[in-house]
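Reader: Please take me through one part of this structure closely, along with what surrounds it. I am new to it, so explain each term where it comes up.

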Amino acid sequence: MYRKMRLNRKIQIAFLSVIIPLFLLFVLLILLVYGENQKYDRVITNATEASRFSITFKEDFDYKVYVLVAYGESDELINEILGELSNGMDITDNLIENTTIEENRWRAQRIQKFLSNLEIYVDRIRKNKAAGGYYDENYSIWENDIQIVTSLIQSTMSEYTYYETKGINEVRAGVYTELNEIMVISMIVFAGFILIALIVSILVPNSIVKPIYYLKDITNEVANGNFEIRAKDLSGVEVRKLGSSLNVMIEKINGLVEEVKLDEQYIREAELALLQSQINPHFLYNTLDTIIWLAEAGKQKEVVSVVTSLSGFFRASLSKGSDVVTLGDEMKHVRSYLEIQEVRYQDILSFDIEMDESISRVGIPKITLQPIVENALYHGIKEVRRPGHILIKATAIDDIVQISVSDNGVGIKEDKLETLRLSMQKPTERDAKHYEIKSYGLFNVNERIRLKFGDVYGLNISSVYNEGTRVSVLIPNRVS
């Protein structure tokens, strides 16, 4: 029963056992201790409330606004978004009212200004959607305005929580000091109660400090990488709340660590699968058959050219184990592939590669272009009865490099093109086999670019049926 009491009740009951014979003296003691305990309770409550706000707000709010931008407006979604902002305002109102730290009051007011800005941005998105045709502007607002503001809210609330939590030790020190002062007075006036006063002065502070030290040990374990540990059997309602928030935080951190591990594993698996797909027995057999046919026809120069291209193709595929190569090397790799295919399909295939030398050192995940070119050949050019042409062009646009792969093949019907685009916009799925995508290679390339550089980069596909297809690759303009 005692373990379930609030901290202030513990202090009151412990001291009431001494108050009866020393009523007047210990009335002062109760008032002093009660006041300090209220400060402690306020600090714990503020820290807990701030932790609840900061743990989930950014992730939930960014996601809901993204759904509003990407999929459309609904009353339920708008109510949820506005509810998030209203709840944030209520929380910050409580924090402003309860905090005793002037700087934290300023931080809470600053968060309210950020929440007001978010409301303005959401209203702007709604007006744009009502007007229609403002998807790019809405996406820019979400990416460049809303996510920055929610990050500022997150960091400011973390600062608030830190300084509120830091005040716990100061409050505890004040309680401990006043208890010692009263104990000295009690010893002087009533020597007979020295033993009782000593016992009380040890038990009461320990009942407060012990769970805090326990939580400190928990945080040290987490800092050392132990994410399985949890705060259990805490005494005091306030400390239990803090322990519960700490457990939620550990769960979140553990989830993020596991997500990073999965991302790294997926990248390795994707790279291996992509590399294996390039060392395709059918491609190798067909190339060797071509070499034999050329040799039998006495075309020695063509044999040397194909063997050289095949050697360059596999050398670039290995790339000394590196997962990122220069754009220049990637162009050499795809050129080797096309030179081999040009010999095989000399009646229906031609190609051109255009690239500014100033971007030849830009980094790109290896074997990015070959799967796209392979799709253009086998699913585009081979499906039509006319000479096919593939154009690969790389240009720099400010901080972005765009590489386009265009063909004059059969193209893609509108419904299938839309299905392909939607399928490639699912970055949270781990197993691409769950998608109904005919071209696993395109998904693989897009996912590797997004995982490497971020969701703003990747593939864009446009096509006109019976005219051709264009795949654009967007990567950052950064030297490898």
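Author: What follows starts with the whole chain, goes on to one helix and its surroundings, and ends with a second helix pair for comparison.

This is a predicted model, in which local features need pLDDT of at least 70 and side-chain atom pairs count only at pLDDT 80 or more, while totals for chains, interfaces and linings use all residues. Residues are numbered from 1 along each chain as its sequence is written, and side-chain values use heavy atoms, with hydrogens and water left out.

The protein has 13 helices and seven strands. Helices (H or I, at least four residues) and strands (E, at least two) are DSSP runs, numbered from the N terminus. Of its 480 residues, 44% count as buried. Buried means under 20% relative accessible area, exposed means over 50%, and partly exposed lies in between, with a 1.4 Å probe and protein chains only. Of the contacts between residues at least 6 apart in sequence, 73% join residues at least 24 apart; a contact here is a pair of heavy atoms within 4.5 Å.

The part to look at is helix H11, residues 369-379. Eight of the 11 residues of H11 are buried, so the helix is mostly covered. The buried ones are Leu369, Gln370, Pro371, Ile372, Val373, Asn375, Ala376 and Leu377.

The loop that leads into H11 comes from strand E3 (363-365) and holds Ile367. Ile367 has a positive phi of about 55°, although it is not a glycine. Most residues other than glycine have a negative phi. Ile367 has a relative accessible area of 2%, so it is buried. Another non-glycine residue with a positive phi, of about 60°, is Asp398. Asp398 sits in the loop between strand E4 (388-397) and strand E5 (400-407), and it is exposed because its relative accessible area is 69%.

H11 packs against helix H10 (residues 327-344), with the axes 9 Å apart and at an angle of about 25°. Axes are lines fitted to C-alpha atoms, for helices over the stretch in contact, and angles run from 0 to 180 degrees between N-to-C directions. H10 and H11 are therefore roughly parallel to each other. Angles under 35 degrees count as roughly parallel, over 145 as roughly antiparallel, 65 to 115 as roughly perpendicular, and the rest as oblique. H10 passes H11 in a right-handed crossing. A crossing is right-handed if the near helix is turned clockwise from the far one by less than a right angle, and left-handed if anticlockwise.

From H10, the contact is made by Glu330, Met331, His333, Val334, Tyr337, Leu338, Gln341 and Arg344; from H11, by Leu369, Gln370, Val373, Glu374, Leu377 and Tyr378. By class, these are eight nonpolar, three polar and three charged residues. Ala, Val, Leu, Ile, Met, Phe, Trp, Tyr, Cys and Pro count as nonpolar, Asp, Glu, Lys and Arg as charged, and the others, Gly among them, as polar.

Tyr345 lies in the loop between H10 and strand E2 (349-355). Leaving aside neighbours within four places in sequence, Tyr345 is in contact with Leu377, Tyr378 and Lys382. Its relative accessibility is 14%, so Tyr345 counts as buried. Tyr345 and Gly388 are 43 residues apart in sequence, and their C-alpha atoms are 9.6 Å apart in space.

Met331 of the H10 contact also belongs to the largest nonpolar core, of 40 residues. Such a core is a set of buried Ala, Val, Leu, Ile, Met, Phe, Trp, Tyr and Cys residues joined through side-chain atoms within 4.5 Å. The residues that touch the most other members are Met331, Ile390, Ile392, Ile403, Leu459 and Ile475. Apart from this core lies another, of 28 residues, among them Phe61, Val65, Ile91 and Ile153.

For comparison, the axes of helix H3 (residues 75-98) and helix H4 (residues 102-131) come within 9 Å and cross at roughly 165°. H3 and H4 are therefore roughly antiparallel to each other. H3 passes H4 in a left-handed crossing.
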